[in-house]
Amino acid sequence: MTIKLSDKAEKRIEELKKRYPSAKSAVMPALYIAQEELGHITDEAIEWVASKVGIAPVHVREVATFYTMYYKKPVGKYHVQVCRTLSCALCGARKLTEHLKHRLKINPGEITADGLWSYEEVECLGSCGTGPMCEINDCYFENLTVEKFDQLLTRIEKERPDLRLSTINDTLGAGLKDYPKSEII
Ligand code: FES
């Protein structure tokens, strides 16, 4: 049986479907809604999205597994995605990943014992002119150096900012106070 999400989530997907000529075009926001409610894309989430937008679960899975912004397994409260593609790689992205491994003492795909952090390397996030860069939850942080990255992680640990996009509420978290606007999207 297909799961039921919160009333607000169920209402939101019905609203979003009306924006498109065909309901199946709402597959991506529907995946965001499911992820927001469930934490990651589970088999139940795939079934829920398929039932809402009227396509086969396999096609929902194709979308979910193609895009790295859909988490296929549980992640920490803050999930860091470090771009490893050419521009960022040439500008030192590998050093950022090594720093995460050293600082957090976990491997890519693992979660710290306190549940705060997880990380992975991903392909191009479309911010190639400002590499190396990473996405933490739904916010971009660009032009990073290891020092700047380390300070950023420290600030997040201390301030616990909201870096999440809410498709249900149509909001983006406030991000880090005073962080340069050009470096947070
Ligand atoms: S190569 Fe890193 S954002 Fe494109």
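User: How is the contact between domain 1 and domain 2 to be read, and what area is buried between them?

Analyst: The model is a predicted one. Buried area is the accessible area that two parts lose on being put together, summed over both. Here the area buried between domain 1 and domain 2 is about 680 Å², and carbon and sulfur atoms give 55% of that area. In domain 1, the residues that lose the most area to domain 2 are Arg12, Tyr32 and Glu36, which together account for 65% of what that side buries.

User: Where in the protein chain do the two domains lie?

Analyst: Domain 1 covers residues 7–66, and domain 2 covers residues 78–183. Their C-alpha centres are 26 Å apart. Nine residues from domain 1 and six residues from domain 2 take part in the contact.

User: How many polar contacts and salt bridges cross from one domain to the other?

Analyst: Six residue pairs are in polar contact across the interface of domain 1 and domain 2, and one salt bridge is counted between the two domains. On the side of domain 1 that touches domain 2, the elements giving two or more residues are α1 (7–17) and α2 (27–38). The largest share of that side, five residues, comes from α2. By class, the same side of domain 1 has five nonpolar residues, four charged residues and no polar ones.

User: What is the general idea behind a salt bridge, and how many does the structure hold?

Analyst: Side chains of opposite charge can pair when their charged atoms come close. The structure holds 13 salt bridges. One of them pairs Glu15 with Lys11, at 3.9 Å from N to O. Both residues lie in helix α1, four residues apart, which is about one turn of the helix. Glu15 is partly exposed, with a relative accessible area of 34%, whereas Lys11 is exposed at 56%.

User: Which residue forms a salt bridge with Asp170?

Analyst: Asp170 pairs with Arg12, and the closest N and O atoms are 3.8 Å apart. This pair links distant parts of the chain: Asp170 is in the loop between β5 and β6 (171–172), Arg12 is in helix α1, and 158 residues separate them. Is each partner buried or exposed? Asp170 is exposed, because its relative accessible area is 57% and the cut-off for exposed is over 50%. Arg12 is buried, because its value is 11% and buried means under 20%.

User: Which residue does Glu157 pair with in a salt bridge?

Analyst: Glu157 forms a salt bridge with Arg103, the closest N and O atoms being 2.9 Å apart. Here too the pair links distant parts of the chain, with Glu157 in helix α7 and Arg103 in helix α6, 54 residues apart. Both partners are partly exposed, Glu157 at 28% and Arg103 at 22%. Elsewhere, salt bridges that share partners join Lys11, Arg12, Glu15 and Asp170 into one network.

User: Turning to the backbone, which residues does a cis peptide bond join?

Analyst: The cis peptide bond joins Gly131 and Pro132, with omega at about -5 degrees. Pro132 lies in the loop between β2 (117–122) and β3 (134–136).

User: Where does Lys105, with its positive phi, lie?

Analyst: The phi of Lys105 is near 60 degrees, a positive value in a residue other than glycine. Lys105 is found in the loop between α6 (93–104) and β2, and it is exposed, with a relative accessible area of 67%. Arg160 also has a positive phi, near 45 degrees. Arg160 lies in the loop between α7 (146–159) and β5 (165–166) and counts as partly exposed at 46% relative accessibility.

Terms used:
Residues are numbered from 1 along each chain as its sequence is written. This is a predicted model: local features need pLDDT of at least 70, side-chain atom pairs count only at pLDDT 80 or more; totals for chains, interfaces and linings use all residues. Side-chain values use heavy atoms; hydrogens and water are left out. Buried means under 20% relative accessible area, exposed over 50%, partly exposed in between (1.4 Å probe, protein chains only). Domain bounds come from an automatic or database domain assignment. Contact means heavy atoms within 4.5 Å. Buried area is the accessible area (1.4 Å probe) that two parts lose on being put together, summed over both. A salt bridge is a side-chain nitrogen of Lys or Arg within 4 Å of a carboxyl oxygen of Asp or Glu. A polar contact is a pair of N or O atoms within 3.5 Å; within protein, one must be able to donate a hydrogen and the other to accept it, and residues adjacent in sequence count only if both atoms are side-chain atoms. Ala, Val, Leu, Ile, Met, Phe, Trp, Tyr, Cys and Pro count as nonpolar, Asp, Glu, Lys and Arg as charged, and the others, Gly among them, as polar.
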